[in-house]
Amino acid sequence: MQLAPSFQVIDGQLTGARQLPSPNFNQRPDDTDIQLVVIHNISLPPSQFGGGYIEQFFQNQLDWSVHPYFQTIEGMQVSAHLLILRSGEVLQFVSFKDRAWHAGRSSYLAKKECNDYSVGIELEGSDDLPFEEEQYQALAEVVAALQQAYPKIQQHLAGHSDIAPGRKTDPGPFFDWQKFRTVLNGLKQRKQ
Ligand SMILES: [Zn+2]
């Protein structure tokens, strides 16, 4: 029996998240408000879970020789602010105050360079497998905390495929947006 962590954003850090600092970040442009959450999926190797390879990848500590797939991403320096594991555990790699490297070439509502003004959340998952209930619950709790800390986010919740269409497919067809929004709205109603 696990106690549900209560997430809160304090000074760019998410309380309730395990901190695993990544070197892959830089400053957001001056006077940039956070106004978007971008949802992704990732698994290393693809469609395999556990193993800690995503964490190593985001910390530039992945041994590229461990799996043939790793050689196709060798040397890439990327990150996300958060990773939600299959268990629902939340890991933080980059402070929300900083610019994580998750979106790449992207555009949301005609505003380019989403990394500048977004929070990137990776779900451990793939385009061909369902996500876990624990992941929806954790994602909703985290997004509620982010919306409270950064009111400009409001309903600006997008998938990577929405901001980089034709180039990216994640979070993929198995990510159930309706379920996510239902859990999120339920959390907010309870708080009122
Ligand atoms: Zn992505």
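Start by selecting E133, which is exposed because just 11 other C-beta atoms lie within 10 Å, and 12 or fewer counts as exposed. Keep in mind throughout the tour that this is a predicted model.

E133 belongs to helix 3, so named here for residues 133-149. Before moving along the helix, add K179 to your selection: E133 and K179 are 46 residues apart in sequence, yet their C-alpha atoms are 9.6 Å apart in space.

**Next stop: helix 5**

Now select residues 177-191, which form helix 5. The axes of helix 3 and helix 5 come within 9 Å and cross at roughly 55°. That angle makes helix 3 oblique to helix 5, and the crossing is right-handed.

Which residues of helix 3 meet helix 5? Highlight Y136, Q137, L139, A140, E141, V143 and A144; their counterparts in helix 5 are K179, F180, V183, L184, L187 and K188. Colour this contact by class and you will find nine nonpolar, one polar and three charged residues.

**Then the sheet**

Return to helix 3 and look at the strands it lies across: strand 5 (36-42), strand 6, strand 7, strand 11 (118-124) and strand 12. Helix 3 runs at about 170° to strand 11.

Show the open sheet of six strands, and trace its order, 3-7-6-11-5-12, with mixed pairing. Strand 3 (18-19) and strand 12 (157-159) stand at the edges; each has a single partner strand, so one side of each lacks a neighbour in the sheet.

For a last close-up, select residues 82-84 (strand 6) and 90-92 (strand 7), which pair in the antiparallel sense over three bridges. Here L83 has L91 in strand 7 as its bridge partner.

Terms used
Residues numbered from 1 in each chain as written. Predicted model: local features only at pLDDT ≥ 70, side-chain atom pairs only at ≥ 80, totals over all residues. Pairing = 2+ DSSP bridges. Helix = DSSP H or I, 4+ residues; strand = E, 2+ residues; numbered from the N terminus. Contact = placed C-beta atoms within 7 Å. Axes fitted to C-alpha atoms, helices over the stretch in contact; angles between N-to-C directions. Buried ≥ 20, exposed ≤ 12 C-beta atoms within 10 Å, placed from the backbone. Parallel < 35°, antiparallel > 145°, perpendicular 65-115°, else oblique. Left-handed = near helix turned anticlockwise from the far one by under 90°. Nonpolar A, V, L, I, M, F, W, Y, C, P; charged D, E, K, R; others polar.
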